[in-house]
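Hi,

Here is the structure I said I would pass on. Have a look at it first, and then read my notes below.

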Amino acid sequence: STNYGEVNTNYINNQANFVDVNLQYGDAVSYYTLFADNYNFGMNLGGGLRQYVGEIESSQAGKESLNSTIPLTYVDLFYSLDKQEYIGFYTKESQLATEKIQESGLYYKNNVTKVDNLSFIATYALSNLSFADDYNAKNGAGLKTSGLNFQLKFTY
């Protein structure tokens, strides 16, 4: 499973410095599905990588480029409404000493094709990001985002 996303936001960090963030990210996640046949519940367990590329700008640190690849753990709990529609909750996390990601989301998934490789997904997610570069040392804050995401996903 491969997910792509983009973060474009403005926020004020803990030290009240204006920050402009323009980050693109991509996830490559591999997982194993556990499904209870007698029930409509299932779980995906796995891991992968997330790569961030972009720029962060603040009044204190100036503009800095960011290119970082971070390992992730992935857990997804879902309920099957029928064999084509699902609702669920997922979390992706990395707790390295220098870089941290915590992302959680609620989603609705509808398999457009019967072979499950093309899906429409609507997700509401919350993220906390902290990077190992000079940005956090100068500013003392990570990035918090939330939002609604719609995607057409092809899985192979």
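Which residue forms a salt bridge with Asp27, and how far apart are the closest N and O atoms? The partner is Arg50, and the gap is 2.6 Å. Asp27 sits in strand β2 (residues 18–35) and Arg50 in strand β3, so this pair ties together parts of the chain that are 23 residues apart in sequence. Before you read too much into any of this, keep in mind that the model is predicted.

First, the general layout. The chain has one helix and eight strands, and from the N terminus the order is β-β-β-β-β-β-β-α-β. Of its 156 residues, 37% count as buried. If you take the contacts with a separation of 6 or more, 49% of them are between residues 24 or more positions apart. The chain exposes about 9000 Å², with carbon and sulfur atoms supplying 55% of that.

Now back to the charges. Asp27 also forms a salt bridge with Lys92, again with 2.6 Å between the closest N and O atoms. Lys92 belongs to strand β5, so here the pair with Asp27 in β2 ties together parts 65 residues apart in sequence. Are these residues buried or exposed? Asp27 and Arg50 are both buried. Asp27 has a relative accessibility of 2%, which is why it counts as buried, and Lys92 counts as buried because its value is 4%. The cut-off behind those calls is 20% relative accessible area.

The count of salt bridges comes to four. One of them joins the side chains of Lys63 and Glu55, at 3.6 Å from N to O. The setting there is as follows: Lys63 is exposed, with a relative accessible area of 51%, and Glu55 is partly exposed at 34%. Elsewhere, salt bridges that share partners link Asp27, Arg50, Lys92 and Glu103 into one network.

Glu103 leads on to Ser127, a residue of strand β7 (residues 118–130). The side chains of Ser127 and Glu103 make a polar contact at 3.5 Å. Ser127 counts as buried because its relative accessibility is 10%. Neighbours within four places in sequence aside, Ser127 is in contact with Gln102, Glu103, Leu143, Lys144 and Thr145.

Next, how the strands pair. Strands β3 (residues 41–58) and β4 (residues 62–80) run antiparallel and are joined by 18 bridges. β4 also runs antiparallel to β5 (residues 85–95), with eight bridges between them, and these two form a hairpin with four residues in between. Phe78 is a handy place to start if you want to trace the pairing by eye: Phe78 in β4 is the bridge partner of Gly42, and in β5 the bridge partner of Phe78 is Gly88. Tyr79 stands opposite Ile87 in β5. On from there, β5 pairs with strand β6 (residues 100–111) in the antiparallel sense over 11 bridges, and Glu85 stands opposite Asn110 in β6.

β5 is worth a look for its side chains too. In a regular strand the side chains alternate between the two faces of the sheet. Along β5, Tyr86, Gly88, Tyr90, Lys92 and Ser94 point to one face and are buried. Glu85, Ile87, Phe89, Thr91, Glu93 and Gln95 point to the other face and are not buried. Lys92, the salt-bridge partner of Asp27, is thus listed on the buried face along with Tyr86 and Tyr90.

Last, the nonpolar side. In soluble globular proteins, nonpolar side chains tend to be buried together. The largest nonpolar core here has 11 residues: Val21, Leu23, Tyr25, Tyr52, Ile56, Leu66, Ile70, Leu72, Ile101, Leu129 and Leu143. Each of β2, β3 and β4 supplies at least two residues of this core. Another core, of eight residues, lies apart from it and includes Tyr74, Tyr86, Tyr107 and Ile121. Two residues named earlier come back here: Leu143, a contact of Ser127, is in the 11-residue core, and Tyr86 of the buried β5 face is in the eight-residue one.

Over to you!

Methods: Residues numbered from 1 in each chain as written. Predicted model: local features only at pLDDT ≥ 70, side-chain atom pairs only at ≥ 80, totals over all residues. Heavy atoms only, no water. Pairing = 2+ DSSP bridges. Buried < 20%, exposed > 50% of the residue type's maximum accessible area, 1.4 Å probe, protein only. Polar contact = N/O pair within 3.5 Å; in protein donor to acceptor, adjacent residues only side chain to side chain. Contact = heavy atoms within 4.5 Å. Areas by Shrake-Rupley, 256 points an atom, 1.4 Å probe, with all protein chains shown as cover. Core = buried A, V, L, I, M, F, W, Y, C linked by side-chain atoms within 4.5 Å.
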